[in-house]
Amino acid sequence: MENIDNVVEAIIFASGTPIAKADICQKVPELTTQKLNSIVKTLSKRYSEDCGIVLAEFNGKLQFMSNPKYGDAVADVLTPLKEKELTKTLLEVLSTIAYKQPITRLEIDDMRGGTNSEYALSGLLKAGLVEAVGRKDTVGRPLLYGTTDEFLKKFQLSDVSDLPDYSEVLEKLMLINNETQATLFHTRSILNDENDEQIEEAAADLESSEGAEEIDEDAVEIPDFLAGDGIEIYE
(Lines give C-alpha, C1' and ligand atoms only; values in the text may rest on other atoms or scores of the structure.)
Protein backbone atom coordinates (compact mmCIF):
# COMPACT_ATOMS: atom_id res chain seq x y z
CA MET A 1 0.00 0.00 0.00
CA GLU A 2 1.36 3.39 -1.04
CA ASN A 3 1.60 6.28 1.40
CA ILE A 4 0.88 3.99 4.33
CA ASP A 5 2.03 6.72 6.74
CA ASN A 6 -0.73 8.98 5.43
CA VAL A 7 -3.23 6.13 5.66
CA VAL A 8 -2.44 5.62 9.34
CA GLU A 9 -2.67 9.37 9.92
CA ALA A 10 -6.09 9.45 8.23
CA ILE A 11 -7.35 6.48 10.26
CA ILE A 12 -6.39 8.08 13.58
CA PHE A 13 -7.94 11.40 12.52
CA ALA A 14 -11.17 9.85 11.24
CA SER A 15 -11.69 7.67 14.31
CA GLY A 16 -12.47 10.70 16.46
CA THR A 17 -12.01 8.53 19.55
CA PRO A 18 -9.04 6.53 20.89
CA ILE A 19 -8.18 3.69 18.52
CA ALA A 20 -6.08 0.68 19.50
CA LYS A 21 -2.84 0.16 17.61
CA ALA A 22 -3.64 -3.56 17.50
CA ASP A 23 -6.89 -2.80 15.65
CA ILE A 24 -5.04 -0.73 13.05
CA CYS A 25 -2.55 -3.52 12.41
CA GLN A 26 -5.36 -6.05 12.17
CA LYS A 27 -7.31 -4.04 9.59
CA VAL A 28 -4.28 -3.01 7.52
CA PRO A 29 -2.47 -6.23 6.51
CA GLU A 30 0.56 -4.33 5.21
CA LEU A 31 1.28 -3.03 8.70
CA THR A 32 3.39 -4.75 11.34
CA THR A 33 3.64 -3.63 14.95
CA GLN A 34 7.19 -2.46 14.32
CA LYS A 35 6.18 -0.50 11.22
CA LEU A 36 3.22 1.11 13.01
CA ASN A 37 5.41 2.15 15.94
CA SER A 38 7.80 3.75 13.46
CA ILE A 39 4.93 5.66 11.82
CA VAL A 40 3.61 6.76 15.22
CA LYS A 41 7.07 8.07 16.10
CA THR A 42 7.15 10.07 12.87
CA LEU A 43 3.65 11.47 13.42
CA SER A 44 4.44 12.38 17.03
CA LYS A 45 7.44 14.36 15.81
CA ARG A 46 5.38 16.05 13.10
CA TYR A 47 2.62 17.01 15.53
CA SER A 48 4.72 18.40 18.34
CA GLU A 49 6.05 21.57 19.97
CA ASP A 50 4.08 24.56 18.64
CA CYS A 51 1.80 22.58 16.34
CA GLY A 52 -1.87 23.09 17.12
CA ILE A 53 -2.49 19.34 17.03
CA VAL A 54 -0.64 16.63 18.97
CA LEU A 55 -0.78 12.84 18.82
CA ALA A 56 -1.56 11.22 22.18
CA GLU A 57 -0.58 7.61 22.89
CA PHE A 58 -1.90 5.81 25.97
CA ASN A 59 -2.71 2.20 26.89
CA GLY A 60 -1.77 1.06 23.40
CA LYS A 61 -4.22 3.54 21.83
CA LEU A 62 -3.82 6.61 19.64
CA GLN A 63 -5.79 9.84 19.31
CA PHE A 64 -5.32 13.32 17.86
CA MET A 65 -6.11 16.23 20.17
CA SER A 66 -5.45 19.94 20.47
CA ASN A 67 -2.16 21.14 21.91
CA PRO A 68 -2.47 21.98 25.64
CA LYS A 69 -0.40 25.12 24.97
CA TYR A 70 -3.44 26.65 23.32
CA GLY A 71 -5.97 25.44 25.87
CA ASP A 72 -7.09 28.90 26.96
CA ALA A 73 -7.71 30.07 23.39
CA VAL A 74 -9.62 26.88 22.56
CA ALA A 75 -11.67 27.18 25.75
CA ASP A 76 -12.55 30.82 25.06
CA VAL A 77 -14.01 29.87 21.68
CA LEU A 78 -15.49 26.43 22.35
CA THR A 79 -16.45 26.49 26.03
CA PRO A 80 -19.42 28.81 26.60
CA LEU A 81 -20.22 27.31 30.00
CA LYS A 82 -18.76 28.98 33.07
CA GLU A 83 -15.98 26.81 34.50
CA LYS A 84 -15.88 26.06 38.17
CA GLU A 85 -13.22 25.18 40.69
CA LEU A 86 -12.52 21.48 41.22
CA THR A 87 -13.15 20.68 44.88
CA LYS A 88 -10.44 19.36 47.14
CA THR A 89 -12.58 16.29 47.89
CA LEU A 90 -12.81 15.27 44.22
CA LEU A 91 -9.05 15.63 43.83
CA GLU A 92 -8.36 13.65 46.99
CA VAL A 93 -10.63 10.80 45.95
CA LEU A 94 -9.27 10.75 42.39
CA SER A 95 -5.64 10.67 43.55
CA THR A 96 -6.44 7.95 46.10
CA ILE A 97 -7.97 5.76 43.40
CA ALA A 98 -5.12 6.48 40.97
CA TYR A 99 -2.43 5.36 43.42
CA LYS A 100 -4.24 2.60 45.29
CA GLN A 101 -6.36 1.01 42.54
CA PRO A 102 -8.20 -1.26 42.54
CA ILE A 103 -9.86 0.03 45.70
CA THR A 104 -13.33 -0.05 47.29
CA ARG A 105 -15.31 2.99 48.41
CA LEU A 106 -14.99 2.01 52.07
CA GLU A 107 -11.22 1.72 51.68
CA ILE A 108 -11.19 5.21 50.16
CA ASP A 109 -13.20 6.46 53.15
CA ASP A 110 -10.74 4.84 55.57
CA MET A 111 -7.76 6.46 53.84
CA ARG A 112 -9.51 9.83 54.12
CA GLY A 113 -10.00 9.48 57.86
CA GLY A 114 -13.51 8.04 57.67
CA THR A 115 -14.91 10.85 55.51
CA ASN A 116 -17.71 9.68 53.21
CA SER A 117 -16.49 9.72 49.58
CA GLU A 118 -19.67 8.56 47.84
CA TYR A 119 -20.61 11.94 46.37
CA ALA A 120 -17.13 12.59 44.97
CA LEU A 121 -16.90 9.04 43.64
CA SER A 122 -20.25 9.44 41.90
CA GLY A 123 -19.04 12.62 40.21
CA LEU A 124 -15.83 10.96 39.04
CA LEU A 125 -17.80 8.02 37.66
CA LYS A 126 -20.12 10.36 35.78
CA ALA A 127 -17.11 12.23 34.39
CA GLY A 128 -15.60 8.97 33.13
CA LEU A 129 -12.37 9.45 35.12
CA VAL A 130 -12.90 6.28 37.15
CA GLU A 131 -14.88 3.09 36.63
CA ALA A 132 -15.84 -0.13 38.41
CA VAL A 133 -13.21 -2.72 37.52
CA GLY A 134 -14.54 -5.70 39.48
CA ARG A 135 -15.60 -6.80 42.94
CA LYS A 136 -13.46 -7.57 45.97
CA ASP A 137 -13.56 -11.18 47.13
CA THR A 138 -14.79 -10.38 50.63
CA VAL A 139 -18.03 -10.07 52.56
CA GLY A 140 -20.61 -8.25 50.45
CA ARG A 141 -18.33 -8.31 47.39
CA PRO A 142 -18.01 -4.49 47.22
CA LEU A 143 -17.15 -2.83 43.93
CA LEU A 144 -13.51 -2.09 43.12
CA TYR A 145 -12.69 1.15 41.33
CA GLY A 146 -9.83 2.16 39.03
CA THR A 147 -8.94 4.96 36.64
CA THR A 148 -9.92 5.09 32.96
CA ASP A 149 -8.35 6.07 29.65
CA GLU A 150 -10.06 9.45 30.09
CA PHE A 151 -8.04 9.94 33.27
CA LEU A 152 -4.81 9.20 31.37
CA LYS A 153 -5.76 11.71 28.66
CA LYS A 154 -6.64 14.50 31.07
CA PHE A 155 -3.38 14.15 32.97
CA GLN A 156 -1.30 13.42 29.85
CA LEU A 157 -0.09 9.98 30.94
CA SER A 158 0.66 6.96 28.76
CA ASP A 159 0.02 4.51 31.58
CA VAL A 160 -0.70 4.61 35.33
CA SER A 161 2.89 3.45 35.86
CA ASP A 162 3.90 6.95 34.68
CA LEU A 163 2.32 8.53 37.75
CA PRO A 164 4.89 10.65 39.61
CA ASP A 165 5.83 10.33 43.25
CA TYR A 166 2.78 10.74 45.50
CA SER A 167 4.25 13.71 47.37
CA GLU A 168 4.85 15.44 44.04
CA VAL A 169 1.22 14.87 43.11
CA LEU A 170 0.05 16.45 46.36
CA GLU A 171 2.03 19.57 45.46
CA LYS A 172 0.45 19.65 42.00
CA LEU A 173 -3.02 19.24 43.50
CA MET A 174 -2.36 22.27 45.68
CA LEU A 175 -1.54 24.22 42.51
CA ILE A 176 -4.72 22.98 40.85
CA ASN A 177 -6.71 24.34 43.78
CA ASN A 178 -4.94 27.72 43.56
CA GLU A 179 -7.55 30.09 42.16
CA THR A 180 -4.85 32.35 40.75
CA GLN A 181 -3.92 29.67 38.21
CA ALA A 182 -5.72 29.64 34.86
CA THR A 183 -4.84 26.73 32.61
CA LEU A 184 -7.50 24.66 30.87
CA PHE A 185 -5.87 21.28 31.34
CA HIS A 186 -4.23 21.43 34.76
CA THR A 187 -5.02 24.41 36.93
CA ARG A 188 -7.98 26.21 35.49
CA SER A 189 -10.73 26.97 38.03
CA ILE A 190 -13.80 24.75 37.72
CA LEU A 191 -16.13 25.35 40.68
CA ASN A 192 -17.34 28.64 42.07
CA ASP A 193 -18.82 29.70 45.40
CA GLU A 194 -22.30 29.50 43.93
CA ASN A 195 -22.10 25.70 43.92
CA ASP A 196 -20.51 25.20 47.34
CA GLU A 197 -23.84 24.97 49.20
CA GLN A 198 -25.28 22.59 46.60
CA ILE A 199 -22.25 20.33 46.91
CA GLU A 200 -22.39 20.32 50.71
CA GLU A 201 -26.13 19.60 50.69
CA ALA A 202 -25.70 16.77 48.20
CA ALA A 203 -22.85 15.31 50.23
CA ALA A 204 -24.96 15.48 53.39
CA ASP A 205 -27.83 13.70 51.64
CA LEU A 206 -25.52 10.94 50.48
CA GLU A 207 -23.97 10.55 53.92
CA SER A 208 -27.44 10.05 55.39
CA SER A 209 -28.05 7.14 53.01
CA GLU A 210 -25.09 4.93 53.92
CA GLY A 211 -25.08 1.34 52.80
CA ALA A 212 -26.19 1.90 49.21
CA GLU A 213 -23.75 -0.06 47.06
CA GLU A 214 -24.85 1.16 43.65
CA ILE A 215 -24.53 4.90 42.95
CA ASP A 216 -27.20 6.81 41.02
CA GLU A 217 -24.95 8.84 38.75
CA ASP A 218 -27.80 10.84 37.19
CA ALA A 219 -28.69 12.26 40.60
CA VAL A 220 -25.33 13.96 40.99
CA GLU A 221 -24.30 17.23 39.37
CA ILE A 222 -20.60 17.39 38.56
CA PRO A 223 -18.30 20.27 37.65
CA ASP A 224 -18.57 21.32 34.00
CA PHE A 225 -14.85 20.67 33.47
CA LEU A 226 -15.19 17.03 34.52
CA ALA A 227 -18.28 16.56 32.41
CA GLY A 228 -16.42 17.60 29.25
CA ASP A 229 -13.17 16.66 27.60
CA GLY A 230 -10.07 17.76 29.44
CA ILE A 231 -8.41 18.11 26.04
CA GLU A 232 -10.41 19.22 23.05
CA ILE A 233 -10.54 16.49 20.40
CA TYR A 234 -9.61 17.43 16.86
CA GLU A 235 -12.39 16.38 14.54
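The following paragraphs describe the nonpolar cores and the aromatic pairs of a predicted model.

The largest nonpolar core comprises 24 residues, and those with the most contacts inside it are Ile-97, Leu-124, Val-130 and Phe-151. Two or more residues are given to this core by each of the elements β2 (53–58), α5 (88–100), α7 (118–127), β5 (143–147) and α8 (149–154). When neighbours within four places in sequence are set aside, Val-130 is in contact with Leu-94, Ile-97, Leu-121, Leu-124 and Leu-125, and likewise with Gly-146, Thr-147 and Thr-148. A second core, separate from the largest one, has 17 residues, and Ile-12, Ile-19, Val-28 and Phe-64 are among them.

Aromatic pairs in the structure number 2. In one of these, the ring centres of Tyr-47 and Phe-64 lie 5.0 Å apart with their planes at 65°, and the pair is therefore edge-to-face. Because Tyr-47 belongs to the loop between α3 (33–46) and β2, whereas Phe-64 belongs to strand β3 (residues 61–66), this pair ties together parts that are 17 residues apart in sequence. Tyr-47 counts as buried at a relative accessibility of 17%, and Phe-64, with a relative accessibility of 4%, counts as buried as well.

Phe-151 and Phe-155 form a tilted aromatic pair, with a distance of 5.0 Å from centre to centre and an angle of 40° between the planes. Phe-151, which is named above among the residues with the most contacts inside the largest core, is buried, its relative accessible area being 3%. Its partner Phe-155, by contrast, has a relative accessible area of 29% and is partly exposed.

Key
Residues numbered from 1 in each chain as written. Predicted model: local features only at pLDDT ≥ 70, side-chain atom pairs only at ≥ 80, totals over all residues. Heavy atoms only, no water. Core = buried A, V, L, I, M, F, W, Y, C linked by side-chain atoms within 4.5 Å. Buried < 20%, exposed > 50% of the residue type's maximum accessible area, 1.4 Å probe, protein only. Helix = DSSP H or I, 4+ residues; strand = E, 2+ residues; numbered from the N terminus. Contact = heavy atoms within 4.5 Å. Phe/Tyr/Trp six-rings, centres within 6.5 Å; stacked < 30°, edge-to-face > 60°.
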